Amino acid sequence: MTSPSARLSLLFSSLGHFYIHMFTAFYFTIVLRLEVAWGVPFHDLLELWFWGSVLVGLAALPAGWLGDTWSNPGMMVVYFIGLGGAAIACGMVSGPAGLVVGLSAIGLFAAIYHPIGIPWLLRSATTHTGKIMAVNGIFGSLGAAAAGLVSGVLIDLSGWRMAFILPGICALATGLVMLWFLRAGRIADTASGAGGGHATGGGSVLRALTILMIAMFVGGVIYHGTQTALPKLFAERLHDMLGARAAGVGAAVASVYVVGGIMQLLGGYLADRFPLKPVFIVAWTAEMVFLVALADATGLGVVGAAMLAVMANLGQIPAENMLLARYAPQRRHGVVFGLKFVLMFGAAPLAIALVSRLREATGGFELLLYGLGGAALLIAMLALLLPAVGRPVAAATAE
C-alpha cells in the first residue's frame with residue numbers, strides 16, 4: 001500500500017471502522033444515564049435500539065450492491081455525513097419516541113461501512129494484507145473502547161445529549177473532508193488489489209461460504225451480546241471499585257476493547273504467515289473458554305476475563321475477512337461482505353433480546369455468558385468443516 005490514494009483509503013476506512021463501532025455501542029453507556037433522567041427501566045430503554053440494530057444488518061446488502069455498481073468512496077462519504085447527522089438528531093430528541101427514530105437512522109447509515117469500507121481496503125491493499133486488515137481492525141476496537149469512555153466522560157461533563165452530538169459533529173466533519181479529497185481526485189476507487197477469489201471447485205466454495213456465513217451470524221450474536229452486557233456487568237460487579245460515575249464504567253469497558261483490539265495485530269500476523277483455517281478455529285475455541293470464565297468472574301477477574309474474551313473475538317477478524325475474500329469473486333466483494341454483515345449485524349437484535357430477556361428472567365448475566373461460550377464452541381466445530389486454505393501463490397506476494 002504505497003500510493004497516496006491507497007494510504008487515504010486506509011485512513012478513511014480506518015476512521016469509518018472507528019465510527020461504526022463507537023456509534024453502534026455508545027448507547028449502551030448513555031442508557032445508564034437515561035435510566036435516571038427519564039425514569040424508564042434499563043431493559044425498556046435497551047429495546048429502543050432494536051430497530052437501529054435491525055437496520056445495521058438489513059441495509060448492509062443494498063449498501064454493498066451500491067458500492068459494487070456505483071462507488072465505494074462515494075458511499076463512504078454518504079456514510080460519514082449520514083451517521084453524523086443522525087447522531088446529532090439523537091442528541092436533540094425530547095423522549096423515547098424521537099430517540100427510536102434517531103437510533104434507527106444511526107443503524108441505517110452505519111450499515112454502509114462494512115460492505116463498503118472493508119472491500120475498498122482489500123482492493124487497495126497490495127502488500128501485507130493481514131497486517132493492513134489488523135490495523136483497520138484496531139481502529140474498530142478503539143471505536144468500541146471510545147463508545148464507553150468518551151460517552152461516559154461527556155455524560156459526566158455535559159449530560160447525555162452531548163454524548164450523541166459531539167461524536168456526530170466529528171463524523172460529519174470527516175465526511176466533508178473526504179468529499180474534498182474525492183472531488184480533488186486524490187482518492188481512486190481501484191478495482192485491483194489483494195483478496196481475489198481462491199481457485200477451488202464450485203462445491204468447495206459454496207460449502208466454505210455457507211459455513212462462514214453461519215459462523216458469522218453466530219459470531220454476531222456473541223459480539224453484540226458481550227458488547228451489550230459489559231457496561232451493566234461492570235457497573236454491578238465492580239461497583240465498589242468504580243462507584244456510580246458513568247466515566248468509571250466507560251473507562252473499564254474502554255480498557256477491555258483497547259487491549260483486546262491490539263490482539264488483531266497478532267491475528268493479522270498469524271493470518272499472513274499461517275493457514276487461515278487453524279487460526280480461525282483456535283481463536284473461537286479460546287473465546288469459548290474465556291466467556292465461560294467471565295460468567296463467574298469477580299473483582300478484577302471480571303476485567304481480565306472480559307479482556308481475554310474480547311482479544312479472542314477480535315483476533316480472529318483478519319483471518320475471517322481474508323477467508324471470505326479468498327473464496328468470494330472480487331467483483332462481488334461488496335455484495336458478499338454485505339451479506340456477511342446482514343447476518344452479523346442482523347444477529348444484533350437477537351443478541352439484545354437475549355440480554356434483555358435473560359437479564360429480566362435471572363437478574364444476572366451468568367446464563368447469557370454460558371450460552372455465548374457454547375455458541376463460540378459451535379463456530380469452532382463448524383470451522384473444522386471448512387475446505388483447507390493455506391497461503392496461495394498470489395498471497396505470498398500480495399500479502
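## Exercises on three helices

Helix α8 has twelve residues, and its first and last C-alpha atoms lie 16 Å apart, close to the 16 Å expected at 1.5 Å a residue. Keep in mind that this is a predicted model.

**Exercise 1.** Work out whether α8 is enclosed or not, starting from its buried residues.

*Solution.* Step one: list the buried residues. They run Y113, H114, P115, I116, G117, I118, P119, W120, L121, L122, R123 and S124. Step two: compare with the helix. Twelve of the twelve residues are buried, so α8 is largely enclosed by the rest of the structure.

**Exercise 2.** Check the span of α10 against what its 24 residues should give.

*Solution.* Step one: at 1.5 Å a residue, expect 34 Å. Step two: look at the end C-alpha atoms, which sit 36 Å apart, and that agrees. Just beyond the helix comes G185, with a positive phi near 75°.

**Exercise 3.** Figure out how α6 (residues 72-90) and α10 (residues 160-183) are arranged.

*Solution.* Step one: their axes come within 7 Å and cross at roughly 160°. Step two: angles over 145 degrees count as roughly antiparallel, and therefore that is what α6 and α10 are to each other. Step three: the crossing is left-handed. Step four: sort the contact residues, and you get 18 nonpolar, five polar and no charged.

**Exercise 4.** Find which helices help cover the buried residues of α10.

*Solution.* Step one: pick out the buried residues, among them W160, F164, G168 and F181. Step two: see what covers them. The cover includes α1, α2, α6, α7, α8 and α9.

Technical notes
Residues are numbered from 1 along each chain as its sequence is written. This is a predicted model: local features need pLDDT of at least 70, side-chain atom pairs count only at pLDDT 80 or more; totals for chains, interfaces and linings use all residues. Side-chain values use heavy atoms; hydrogens and water are left out. Axes are lines fitted to C-alpha atoms, for helices over the stretch in contact, and angles run from 0 to 180 degrees between N-to-C directions. Helices (H or I, at least four residues) and strands (E, at least two) are DSSP runs, numbered from the N terminus. Angles under 35 degrees count as roughly parallel, over 145 as roughly antiparallel, 65 to 115 as roughly perpendicular and the rest as oblique. A crossing is left-handed if the near helix is turned anticlockwise from the far one by less than a right angle, and right-handed if clockwise. Ala, Val, Leu, Ile, Met, Phe, Trp, Tyr, Cys and Pro count as nonpolar, Asp, Glu, Lys and Arg as charged, and the others, Gly among them, as polar. The expected span of a helix is 1.5 Å times one less than its number of residues. Buried means under 20% relative accessible area, exposed over 50%, partly exposed in between (1.4 Å probe, protein chains only). Contact means heavy atoms within 4.5 Å.
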